[in-house]
Amino acid sequence: MNELSVYIIASVIFLAIGVYGIIAKRNAIRILFAIEIVINAANLNIAAFARYGSLALSQAQAIAIFVIGIAAAEAAVGLAIIIQAFRLRGKINVDEMNEMKE
Amino acid sequence: MDFIVPIILIIFSSIAAILSLESRSLVYGAVSLAIFFLGLSLFFFYLGLTYLAIFQVAVYVGAIAVLIMFTVMVVGEGQRRKRSVPLLAMGLLGGAIILASFLMGISYFFSLPNPSMQPSFTLVSLARYVMDNYGLILFILALLLTSAAYGAVALARREVEETA
Amino acid sequence: MQELDKDYASSFVKYGIVAVIILLALVLYLIYPYLLALLQLLFSNPSAILNTTLFKLLIFPGLIYVSIVALIAEWVERKLVARIQVRVGPFYVGGWEGLLQPIADLFKLITKEIIIPKHADKNIFILSPVLAFIVGALPIIVIPYSPTYVIWDYQFGLLLYFAILAFYPLVVLLAAWSSNNKYSFIGGLRALYQQASYEVPLFLAALPAVMLAGSFSLTAIASAQAKVWFILFAPLSAIVFFAGMMAELERIPFDMPEADSELVSGWTTEYSGIAWGLFQFGAYVKLLAYSGFFVTIFLGGWQGPAILPPLFWSLLKVSIVVLILLSVRGFFPRIRIDQLVRAGWGRLIPICILNIVIIALLQPYIVSILR
């Protein structure tokens with residue numbers, strides 16, 4: 001078990017936690033938490049390859065910065081949708097929001 | 001036992017991640033999500049990517065966690081529903097499948113050669129690298145973030161009723 | 001019921017004393033080698049203790065120095081603002097002109113009861129003043145008062161400052177929400193808007209200094225101002241940084257979240273006793289930390305004529321900046337929240353960008369002047 005695999009296992013554990021959250025949670029905000037966990041798992045993977053693999057430090061940090069930026073944009077828009085859905089329907093339970101018309 | 005620091009960080013971060021999904025109150029979930037981001041930042045510090053660690057704290061904890069907490073406080077706690085066992089089982093099954101399938105292929109990483117010496121890293125070299133290779137993409141990312149902010153504000157504002 | 005409370009209190013005190021003694025013994029056992037080395041250093045070479053990190057962290061420029069200066073700053077503010085407003089200020093406590101007033105306030109706050117509202121979230125309610133103090137005091141570990149008096153000469157010191165700055169709206173939001181009070185939550189949201197809007201101008205205003213010094217490290221930025229201070233090359237950025245500092249510290253004229261005549265005490269309304277005291281204390285510690293950053297980035301840090309030691313110059317400059325920040329309180333009225341937000345996003349950011357463009361165009365010439 002070399003050092004690289006420890007970080008890959010870490011990244012996979014976070015990915016599994018995130019996937020569990022996306023499948024098993026009904027509150028839309030919890031699903032957003034899980035999505036952020038998955039994105040951070042991907043960033044950790046890139047960082048691990050920067051240190052123990054053959055990815056340059058500059059390259060890895062550039063990739064990770066772009067990923068964080070895109071995650072910020074997606075979180076903002078997702079939260080805006082959740083706020084508006086809550087305002088229109090009164091609840092944010094993804095099981096019950098399955099019709100376009102209220 | 002020379003992996004003690006990564007293993008402690010893994011345990012800390014996964015407890016924070018599980019708490020953020022499973023805690024009873026959404027606000028505690030948002031707080032533990034912020035702690036998870038901090039744990040990730042400690043990971044980056046330990047791996048030697050100091051700029052990325054500070055960037056993660058500044059953007060994720062400073063902006064995204066604040067945004068999430070603000071939404072959670074405005075939307076309020078949802079109604080307590082009975083825990084649905086089929087959903088929980090499907091979730092655990094999905095997570096277990098992901099974990100198992102990745103761990104099966106992990107023996108590949110044992111055979112990778114040791115990494116070569118890294119060139120010295122300064123912020124100037126990172127800036128030069130980004131501007132040389134990803135300059136246009138940086139510009140597009142800036143436009144994307146601006147339009148995302150604009151779109152989020154436009155989505156979330158109250159529609160002003162036109163009364164005749 | 002009284003006897004029950006007395007028995008409970010006395011047994012609590014007994015067990016508490018025993019627990020504290022055991023804890024102290026454990027801590028001493030763990031740090032014994034370091035303590036021994038420190039004592040040896042003290043007895044063999046007394047002045048070398050001034051260079052150890054522990055001294056720097058705890059005494060100067062660390063915790064004790066910052067606490068004492070925060071208390072003095074509170075007294076100075078009250079006297080200064082009082083004289084500006086043609087009144088006297090505290091004059092009763094202490095021998096001369098109410099000097100011991102802050103200490104009297106401290107004792108009063110420590111002995112007051114911390115009232116936790118009925119449906120407030122107890123954990124977050126108790127946690128947020130502590131977190132506010134920690135987050136406000138954390139930037140002092142990178143501020144250089146002289147080439148040797150910096151607790152941690154971090155390569156990305158300025159970035160660390162920005163990251164910690166981005167933390168504070170989270171703390172404000174937690175504190176406001178856990179009070180379970182609509183109006184303090186509104187005050188907390190206003191504080192959030194204000195502090196989040198002025199983060200970006202602060203970041204942009206500190207950029208010309210980084211461009212001219214070539215590094216994010218604060219000692220490098222201060223060392224690069226040996227000949228000319230950066231405020232001469234980036235005056236607009238200095239003004240924007242000053243305004244952003246005042247907005248982040250919630251000082252008048254950016255006092256909207258704590259509008260005394262409207263929202264009682266803003267987002268700290270429900271906090272009483274030492275919890276509120278920690279918020280105020282943390283605000284003064286933050287004041288000192290941010291003034292230190294202003295001095296380091298724009299006013300040259302420790303640079304000054306070599307007659308007096310560099311430590312003297314940096315302390316002098318920090319004191320002047322703190323005095324200006326404290327006295328502005330007496331001069332200006334409060335800015336409305338919409339004017340505030342519009343100014344933060346719409347007016348200060350173009351000024352910063354203008355200054356960055358000027359510095360970017362003139363950078364080769366300026367750097368040749370500085371070398």
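**Reading helices, burial and domains in a three-chain model**

Modeller: 22 Å separate the centres of domain 1 and domain 2 of chain B, taken over C-alpha atoms. The model is predicted.

Colleague: Which residues belong to each domain of chain B?

Modeller: Domain 1 of chain B covers 1-78. Domain 2 of chain B covers 119-164. These bounds come from the domain assignment.

Colleague: How many helices and strands does chain B have?

Modeller: Chain B has 5 helices and 0 strands. Along the sequence, that reads α-α-α-α-α.

Colleague: What share of chain B is buried?

Modeller: Burial is a neighbour count, with 20 or more other C-beta atoms within 10 Å as the cut-off. In chain B, 31% of the 164 residues count as buried. Now take its contacts with a separation of 6 or more: 48% of them involve residues 24 or more positions apart.

Colleague: On to chain A. What is the order of its elements?

Modeller: From the N terminus, chain A runs α-α-α. The tally is 3 helices and 0 strands.

Colleague: How does the radius of gyration of chain A stand against that of a compact globule?

Modeller: Set the value beside the one expected for the chain length. A compact globule of 102 residues would come out near 13 Å, whereas chain A has 17 Å. Look at the box too. Along the principal axes, the C-alpha atoms of chain A fill roughly 55 × 25 × 15 Å.

Colleague: And what percentage of chain A counts as buried?

Modeller: For chain A, 57% of the 102 residues count as buried. Contacts are a separate reading. Among those in chain A between residues at least 6 apart in sequence, 51% join residues at least 24 apart.

Colleague: Now a single helix, H5 of chain C. What does its span show?

Modeller: Compare the end-to-end reach with the expected one. H5(C) takes in residues 122-137, 16 residues in total. From first C-alpha to last, H5(C) reaches 24 Å, close to the 22 Å expected at 1.5 Å a residue.

Colleague: Where does H5(C) kink?

Modeller: At C:Ser128, by about 30 degrees. The proline C:Pro129 follows shortly after. Both C:Ser128 and C:Pro129 are among the buried residues of H5(C).

Colleague: Which other residues of H5(C) are buried?

Modeller: C:Phe125, C:Ala132, C:Phe133, C:Gly136 and C:Ala137.

Colleague: What covers the buried residues of H5(C)?

Modeller: The cover includes three helices of chain C: H3 (63-84), H6 (157-177) and H11 (274-298).

Notes:
Residues numbered from 1 in each chain as written. Chains lettered and ligands numbered in written order. Predicted model: local features only at pLDDT ≥ 70, side-chain atom pairs only at ≥ 80, totals over all residues. Helix = DSSP H or I, 4+ residues; strand = E, 2+ residues; numbered from the N terminus. Expected span 1.5 Å × (residues − 1). Bend = angle between axes of the 7 residues up to and from the residue. Buried ≥ 20, exposed ≤ 12 C-beta atoms within 10 Å, placed from the backbone. Contact = placed C-beta atoms within 7 Å. Rg over C-alpha atoms; globule rule 2.2 N^0.38 Å. Domains from an automatic or database assignment.
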